[in-house]
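Here is a friendly walk through a two-chain model, written for someone who likes to check geometry strand by strand. Keep the viewer open as you read.

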Amino acid sequence: MSLERRGPISKGLPVAAVVLAALATMRPAGAAELELPGLLAPLQIHGFVSQGFLLTSDNNYLANSSRGSFEFSEVGVNITLPATDRLTLGVQVFTRKLGPIGDYRGSLDWYYLDYHWRDWLGFRAGRVKLPFGLYNDSSDIDSARTAVLLPQSIYPAQNRDFLLAQTGAEIYGYKTVGAAGALDYRFYAGTIFLDVTNRPTSPITVVDLDVPYVAGGRVLWLPFDGLRIGGSLQFLRLDTDLLTTGTASQVAVRIPATLWVASAEYTLRDFLFAAEYSRWLVSTQSSNTSVFPESSSTSERAYALASYRVNSWLQVGSYYSRLVPNVDQRVYPAGIQHDFALTLRFEVNRYWLIKAEGHYMRGTAGLSSSLNANLPLSALEPDWALLAIKTTAYF
Amino acid sequence: MRKAAFIFAALAVAAASAETTRSAYVVIVHPATSVSRLDRKFVEEIFLRRVTRWPDDTPIRPVDLGPDARARIRFSEDVLSRSVASVRSYWQQRIFSGQGIPPPELPDDAAVVSYVLSHPGAIGYVAAGAALNGAKALEVN
């Protein structure tokens, strides 16, 4: 199998690339701090600009990748103000483009007020990132990890709008438990506001989309230095009204889901090992089963990864990730996807990095029909490869 | 004779190693801070901002040296049990997920001492032998 480019690279080099080039040539500097009057602590300003490139040997993955795509950009700027020693305010503006997702328009990615009453009890309100697994709340932070793409079985990039943050409230804390180590916990409840976007080629039109609730929590046990073990649980429901081609009346569909993940991570000096196992239970309840049938399925997701910092400018990482969208239909190739990844991360300087990552994929379960001419997943190339290159500047 | 030479060499290496560890950095706090000795794990939790208050409820204000400072590198490995780069990754996750911000990084020992003296509850570290100017040195177990 070869990573052969089959046509012209996607047009439209994103604005992010230009901004990235400008940032990378800036004199290195720490996070910007703006001194405020009185006793207020300095305002902290941080940001990042990422530009990636995706190329697949076969099939389109995340973008029109089979011919090479630069539609893989992220830009974020955040401001944090420690207003008092217990109260912190924060906001992040974020924009991205990943294939058909995103349109380069900035949006409030997260914002919160955080009242840190005690180390074992704090309270956040606003739009807060969801703690699910080890890395969900940092899944779009390229500089914080070795890999370009986190294991997509548990952290699917195309689901970011659904899974990254909720608008509501959260309580959190960190509690030492003597010789047993410490507990790190977060519990939340709220909703998720979603924009309705219909693809012209889709036979289904989404009229309305609503998440009446999302609630859950994560508890991590830190028994000794470097080890984190824990679990996350999330409940949510998606309500939508749909119009299908050839019907005049709307169909109301409710999709309750329960997601859980068991996690373990061990950091030893320059080594990092992590493994997670997850199941997502999703059912569909329909007001018109002849138009939109009811269903219930459980997906299985798992990965194991390792990374090593070779020296101050080079990190290597590798993982195996496995996705089974329906445990009752583990049929190769459309019912499963194995992902073997190898990453090199180069630190050009303290504020700029470049990553190159190769994936060998077996199976098509993680692909999207709509990105592949609406072909059924079973009709796509079952053995394929992905090359992902990404560069990020951050401060 | 060879055995004695080996033991002597091993002791010399151990002594040199211990001396290096001892002399790499000194942890300092504001002079009004009541503690004079801290557990290493507690210091780690302070610098990762998991623990934010002294036992008397005074806010803890940790301060770092710049990432290239020798004392920072040794402090990070000895106390935080991870490299400076790994600590920076930890803070990248915290910063961009809205979970917290790192301690300020100051350019040299004198700036850290000045910060610690002027901020009640402050804790920092400087290279061994740096002028403390009244900052209180702590023993870390």
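Strand β13 (residues 295-311) of chain A runs antiparallel to strand β14 (residues 314-324) of chain A, and 11 bridges join the two. Do bear in mind that this is a predicted model. To find the register of this pair, look for A:Ala306, which stands opposite A:Ser318 in β14(A). The connection between β13(A) and β14(A) is a hairpin with two residues between the strands.

On β14(A) there is also a pairing with strand β15 (residues 337-349) of chain A, again antiparallel, over 10 bridges. Here A:Leu314 stands opposite A:Phe346 in β15(A). The loop between β14 and β15 of chain A is where A:Pro333 is found. The peptide bond that joins A:Tyr332 and A:Pro333 is cis, with omega at about 10°.

Another stretch of chain A follows a similar theme. Strand β10 (residues 227-244) and strand β11 (residues 251-268) of chain A are antiparallel and joined by 16 bridges. A:Gln234 stands opposite A:Leu259 in β11(A). Six residues lie between β10(A) and β11(A) in their hairpin, and A:Gly246 in the turn has a positive phi of about 95°. From β11(A), 14 bridges lead on to strand β12 (residues 271-286) of chain A, which is antiparallel to β11(A). The bridge partner of A:Leu268 in β12(A) is A:Phe271. This hairpin, between β11(A) and β12(A), has two residues between its strands, and A:Arg269 in the turn shows a positive phi of about 50°.

The antiparallel pairs of chain A described here can be set side by side:

| Strand pair | Bridges |
|---|---|
| β13(A) and β14(A) | 11 bridges |
| β14(A) and β15(A) | 10 bridges |
| β10(A) and β11(A) | 16 bridges |
| β11(A) and β12(A) | 14 bridges |

As general background, strands of a sheet pair through backbone hydrogen bonds, either parallel or antiparallel.

If you are scanning backbone torsions, A:Leu62 deserves a look: its phi is positive, at about 70°, although it is not a glycine. A:Leu62 is found in the loop between β2 (43-56) and β3 (72-82) of chain A.

Now to charge pairs. Over all chains, the structure holds 29 salt bridges. One of them pairs A:Lys355 with A:Asp142, whose closest N and O atoms are 2.8 Å apart. This pair links distant parts of the chain, with the two positions 213 residues apart in numbering: A:Lys355 belongs to strand β16 (residues 352-363) of chain A, while A:Asp142 is in the loop between β6 (121-129) and α2 (160-163) of chain A.

Chain B has its own sheet, an open one of five strands in the order β2-β7-β1-β6-β3, with mixed pairing. Why do β2 (37-38) and β3 (61-62) of chain B each have one side without a neighbour in the sheet? Both stand at the edges and have a single partner strand each, so one side is left free of a neighbour. For β3(B), strand β6 (residues 122-127) of chain B is paired in the parallel sense over two bridges. In β6(B), B:Ile123 is the bridge partner of B:Pro62.

Helices cover this sheet too. Helix α3 (residues 70-79) of chain B lies across β1 (25-29) and β6 of chain B, and runs at about 80° to β1(B). Helix α5 (residues 109-118) of chain B also packs on the sheet, where it touches β1, β3 and β6 of chain B; its direction makes about 155° with that of β6(B).

How do the two chains meet? The contact takes 36 residues from chain A and 28 residues from chain B. About 2900 Å² is buried between the chains, and carbon and sulfur atoms give 46% of that area. The count of salt bridges between chain B and chain A is five. Among the pairs is A:Arg86 with B:Asp57, with the closest N and O atoms 3.4 Å apart. There are also 18 residue pairs in polar contact between the chains, both residues being at pLDDT 80 or more.

On the side of chain B that touches chain A, the elements giving two or more residues are α2 (40-47) and α4 (84-96) of chain B. The most comes from α4(B), with eight residues. By type, the residues of this side of chain B divide into eight nonpolar, 10 polar and 10 charged.

Notes
Residues numbered from 1 in each chain as written. Chains lettered and ligands numbered in written order. Predicted model: local features only at pLDDT ≥ 70, side-chain atom pairs only at ≥ 80, totals over all residues. Heavy atoms only, no water. Contact = heavy atoms within 4.5 Å. Buried area = accessible area lost by both parts, 1.4 Å probe. Salt bridge = Lys/Arg side-chain N within 4 Å of Asp/Glu carboxyl O. Polar contact = N/O pair within 3.5 Å; in protein donor to acceptor, adjacent residues only side chain to side chain. Helix = DSSP H or I, 4+ residues; strand = E, 2+ residues; numbered from the N terminus. Nonpolar A, V, L, I, M, F, W, Y, C, P; charged D, E, K, R; others polar. Pairing = 2+ DSSP bridges. Axes fitted to C-alpha atoms, helices over the stretch in contact; angles between N-to-C directions.
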